[in-house]
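Here's a quick briefing to read alongside the model. Take a look at the structure first, then we'll go through it topic by topic.

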Amino acid sequence: MLFAFVNRLFADPLLLFGVISGVLSVYAFVPYIADTIARRTRPERASWLIWSVLGSIALASQIAEGAGASLWFAVVQVSGTVIVFLLSIKRGHGAYMCKRNRIILPFAAAGLVLWYLTDTPIIALTVSISISLLAGSVTIWKAFRDPDSETLITWLVALAASWFAVLSVGSLNWWMLAYPLYLLVLYTGIVAAIAIGRATGQTPYRETFVWRSRRAQQTYVMPPPAYPPAPLVKAA
């Protein structure tokens, strides 16, 4: 059965492109999750919250519709997204109710309601892409302002996966191309933001805490908990 599937892959380039896209999409989560656990990466909480909700609703819809083998790929994708979001609660970046997110999150919630209520597939797809892009814009901005807080290899692999997803469509069918092209734009934006941020030497403001030891009668400067642990440094 495995040999038959391999033969079918090489006989059908579109299927091969689709499988490559799926494998790359799954692999992209591995370094991102590892870097988040190690606190080298700080996911944007609002982005991953919205993506988790969108993915979970889409997965529930597929289960309700009786999806078959394709369900496994959706489960892996949603699981990876939810894991990153859960890790971001303690290891992430950005307050949910900061000024920017107070605008974005209500729009995303309204879009989810509209998505749930609509019976027109093209409207549902448009709303879904719009909400996801809204969430992505927050990560793009953070990637520019703090490029070292993102795992570049993850977004490069995801970008390659989106290219293979576009190729797997095989025709100029805008309905089928809409989501892969959206991912292509999103991942290109994140990669470009990281590259430009590093090239321009973006150094985000990092608040520090100053405290004085009663016993040693010395003053220390300590990084905030949201950033990787660092040795205490004596203040001048």
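Is Ile123 buried, partly exposed or exposed? Ile123 comes out as partly exposed, because its relative accessible area is 39%. Keep in mind that this is a predicted model, with an average pLDDT of 76 for the protein.

**Surface patch**
- Ile123 sits in helix H7 and joins Ile122, Trp175 and Met176 in a nonpolar surface patch of about 400 Å².
- Helix H7 (121–145) and helix H9 (174–199) are the elements that each give two or more residues to this patch.

**Aromatic pairs**
- Searching the whole structure turns up seven aromatic pairs.
- One of them is Trp141 with Phe144, a tilted pair at 5.9 Å centre to centre and 45° between the planes.
- Both Trp141 and Phe144 belong to helix H7, three residues apart, or about one turn of the helix.
- Trp141 is partly exposed, given its relative accessible area of 46%.
- Trp155 and Tyr187 make another tilted pair, with 5.8 Å between centres and 40° between planes.
- That pair links distant parts of the chain, 32 residues apart: Trp155 is in helix H8 (residues 152–169) and Tyr187 in helix H9.
- Trp155 and Tyr187 are both buried, and they form one aromatic cluster with Tyr32, Trp48 and Trp51.

**Confidence**
- A pLDDT of at least 70 is reached by 66% of the residues.
- Confidence peaks in helix H3 (residues 29–37) at 95 and is lowest in strand S1 (residues 209–213), at a mean of 46.
- Residues 205–213 stay under 50, and the model gives them 27 contacts beyond four places in sequence.
- Residues 220–236 are also below 50, with 35 contacts beyond near neighbours in sequence.

Note on methods. Residues numbered from 1 in each chain as written. Predicted model: local features only at pLDDT ≥ 70, side-chain atom pairs only at ≥ 80, totals over all residues. Heavy atoms only, no water. Patch = residues over 30% accessible without salt bridge, like charges linked within 9 Å, V, L, I, M, F, W, Y side chains within 5 Å. Areas by Shrake-Rupley, 256 points an atom, 1.4 Å probe, with all protein chains shown as cover. Salt bridge = Lys/Arg side-chain N within 4 Å of Asp/Glu carboxyl O. Helix = DSSP H or I, 4+ residues; strand = E, 2+ residues; numbered from the N terminus. Buried < 20%, exposed > 50% of the residue type's maximum accessible area, 1.4 Å probe, protein only. pLDDT = per-residue confidence, 0-100. Contact = heavy atoms within 4.5 Å. Phe/Tyr/Trp six-rings, centres within 6.5 Å; stacked < 30°, edge-to-face > 60°.
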